[in-house]
Amino acid sequence: SHECYGNPDYKWSLDDFELGKRLGRGKFGRVYLARERKTGFIVALKTLLKKELVEGNVERQILREIEIQTHLKHPNILQLLCWFHDSHRIYLVVEFAGKGELYKYLKESPGGHFNEHLAAKYTYQVADAVNYCHQNQVIHRDIKPENLLLTITDDVKLGDFGWSVHSPSLRRNTMCGTLDYLPPEMVEHKVYGKFVDHWCLGVLCYEFLVGNPPFEAACSEETYKRITKIDLKFPESVPEGAQDLISKLLVRSSHNRLTLAQVMNHFWIVANK
Ligand SMILES: CC(C)NC(=O)[C@H]1CCC[C@H]1Nc1nc(Nc2ccc(C(=O)N(C)C3CCN(C)CC3)cc2)ncc1C(F)(F)F
């Protein structure tokens, strides 16, 4: 078994790893392919510059991410294997996802969207991962294609817990990035709970099938309006079953959204995953 687990008080350091090619840029630093010298185990090494974390006032967020990702263990959640730091950087040793970023596959797919089987399979796997998070009192809050990775066996891994919190919660740090995934209760700055993730799952499934999120608009004010009005339109190409599932997730009153178990057992998911 991987020494990270076997021997909890082993002091890991950069010397334990042989660095490979750069996989890309994460939120706060570079991500490398790496190999653990003793076992040859291939991992992803996320490096975070301490200076940038302090400047960005995100130290607590990173420590919460480490805390959460070390304790969550699920086939569709990217496993944080161990971490260590030196004078300038924090290093996160994370599972390597062989096929990389799901959103790139979404963009490169014919028509810029997944077929029914992939959309149902990936929606099922994300629902399974999020259900596990909720059972561990964690809400993710940032489910979107950019936060999903694909393994070599074409399975999804939830890859980023930088925004996850213990529910219920009121968002403190301002969000950056897309507004497309925000549920009404967050747009209206209300206190919210785990059901924000149910909403995001509906937006995600829509984007898998259509290629863009349901409330996309030219400017953020317009997106806000479309979200709070639930201005949901389906192109002809979206199958009935999927429309049924998505319409039962993109519901204003959060406790009336389908449960994650109902998503995983939905007739369209079961028939197509
Ligand atoms: C969820 C989170 C928001 N996202 C991220 O963290 C991103 C930010 C940077 C990379 C990724 N982080 C990870 N990426 C992998 N695998 C991986 C990535 C990229 C490729 C790929 O397509 N190329 C190298 C291509 C190969 C072809 N050339 C042309 C372009 C790059 C192949 C495999 N495993 C674990 C991680 C993790 F998460 F543990 F760090």
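Begin by selecting the shell around the ligand in this predicted model, where the residues divide into 8 nonpolar, 5 polar and 7 charged. In total 20 residues surround the ligand, and if you want a smaller selection to start from, the closest are Val31, Leu78, Val94, Glu95 and Ala97.

Next, keep Ala97 and the ligand on display and look at the backbone of that residue, where an N or O atom lies 2.8 Å from a nitrogen atom of the ligand. If you then draw a surface on the ligand, bear in mind that the ligand taken alone exposes 790 Å², and that the protein buries 73% of this area.

Now colour the chain by secondary structure and ask which elements give two or more residues to the shell around the ligand. These are S1, S3, S5 and S6, and S1 accounts for the largest share, with 4 residues.

From the ligand, widen the view to the space that the ligand takes, which is the largest pocket. The volume of this pocket is about 970 Å³, and 41 residues line it, of which Arg25, Gly26, Glu101, Glu146 and Leu149 are the closest to the centre. To see which parts of the fold contribute two or more residues to this lining, select the strands S1 (17-25), S2 (30-36), S3 (42-49), S5 (89-95), S6 (100-101) and S8 (148-150), and then add the helices H3 (59-71) and H4 (102-108).

As a last step, colour the lining of the largest pocket by residue class, where you will find 17 nonpolar, 10 polar and 14 charged residues; set beside this the shell around the ligand, with its 8 nonpolar, 5 polar and 7 charged residues.

Conventions:
Residues are numbered from 1 along each chain as its sequence is written. This is a predicted model: local features need pLDDT of at least 70, side-chain atom pairs count only at pLDDT 80 or more; totals for chains, interfaces and linings use all residues. Side-chain values use heavy atoms; hydrogens and water are left out. On a 1 Å grid over the protein atoms alone, a cavity is a set of points where a 1.4 Å probe fits but cannot get out, and a pocket is an open set with protein on both sides within 12 Å along at least five of seven lines; lining residues have an atom within 4 Å of a point. Grid points are joined across faces, edges and corners, and a volume is the space filled by probe spheres set on the points. Ala, Val, Leu, Ile, Met, Phe, Trp, Tyr, Cys and Pro count as nonpolar, Asp, Glu, Lys and Arg as charged, and the others, Gly among them, as polar. A residue is near a molecule or strand if one of its heavy atoms lies within 4 Å of it. A polar contact is a pair of N or O atoms within 3.5 Å; within protein, one must be able to donate a hydrogen and the other to accept it, and residues adjacent in sequence count only if both atoms are side-chain atoms. Accessible areas come from the Shrake-Rupley method with a 1.4 Å probe; for residues, only the protein chains shown count as cover. A molecule sits in a cavity or pocket if more than half of its atoms lie within 2 Å of its grid points.
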